[in-house]
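Load the model and keep the selection panel at hand. The stops below go residue by residue, then on to a pocket and a core.

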Amino acid sequence: AVLTFAADATVADVQAALVTRGIGEAGRFELRTAFPARSLRDDPALTLAEAGLAPSATLCVRPLPPAGR
């Protein structure tokens, strides 16, 4: 899926949009940059611009293992 967000959207905004579209289950996935690979899981309040993802970027959605594993 291709989604477009403003540079001032947050990582949490992207996560919420994915859940709303049925792409991920809340809290059960992480967003990762394609290159260099890094997780955006630690700071959901980070804007896409602050994360260096503006004006454009590709993000990967990585499922997380079930809790307790």
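Buried means under 20% relative accessible area, exposed over 50%, and partly exposed in between, with a 1.4 Å probe and protein chains only. This is a predicted model, in which local features need pLDDT of at least 70 and side-chain atom pairs count only at pLDDT 80 or more, while totals for chains, interfaces and linings use all residues. Residues are numbered from 1 along each chain as its sequence is written, and side-chain values use heavy atoms, with hydrogens and water left out.

Select C60 to start. C60 counts as partly exposed because its relative accessibility is 36%. C60 lies in strand β2; strands (E, at least two residues) and helices (H or I, at least four) are DSSP runs, numbered from the N terminus. Show what surrounds C60: among residues more than four places away in sequence, C60 touches E30, L31, R32 and A34, where contact means heavy atoms within 4.5 Å. Now add E25, which is 35 residues from C60 in sequence and 15 Å away in space, C-alpha to C-alpha.

Go next to T33, in strand β1 (residues 29–33). Is T33 buried or exposed? T33 counts as buried because its relative accessibility is 7%. A polar atom of the T33 side chain lies 2.5 Å from the backbone oxygen of P36. Leaving out residues up to four places away in sequence, T33 touches R38, L40, L53, T58 and L59.

Then turn on the surface and look for the largest pocket. Its space is about 460 Å³. Of the 20 residues that line the largest pocket, L3, F5, A57, T58 and L59 lie nearest its centre. Colour α1 (11–20) and β2 (59–63), each of which supplies at least two residues of the lining.

The last stop is the largest nonpolar core. Select its ten residues: A9, V11, V14, L18, F29, L31, L40, L48, A51 and L53. A nonpolar core is a set of buried Ala, Val, Leu, Ile, Met, Phe, Trp, Tyr and Cys residues joined through side-chain atoms within 4.5 Å. Both α1 and β1 supply at least two residues of this core, and α1 gives the most, with three. Within this core, centre on F29. Not counting residues up to four places away in sequence, F29 touches Q15, L18, V19, G24, V61, R62, P63 and L64.

Key: Polar contact = N/O pair within 3.5 Å; in protein donor to acceptor, adjacent residues only side chain to side chain. 1 Å grid on protein atoms, 1.4 Å probe; cavity = no way out; pocket = protein on both sides within 12 Å on 5 of 7 lines; lining within 4 Å. Points joined across faces, edges and corners; volume = space filled by probe spheres on them.
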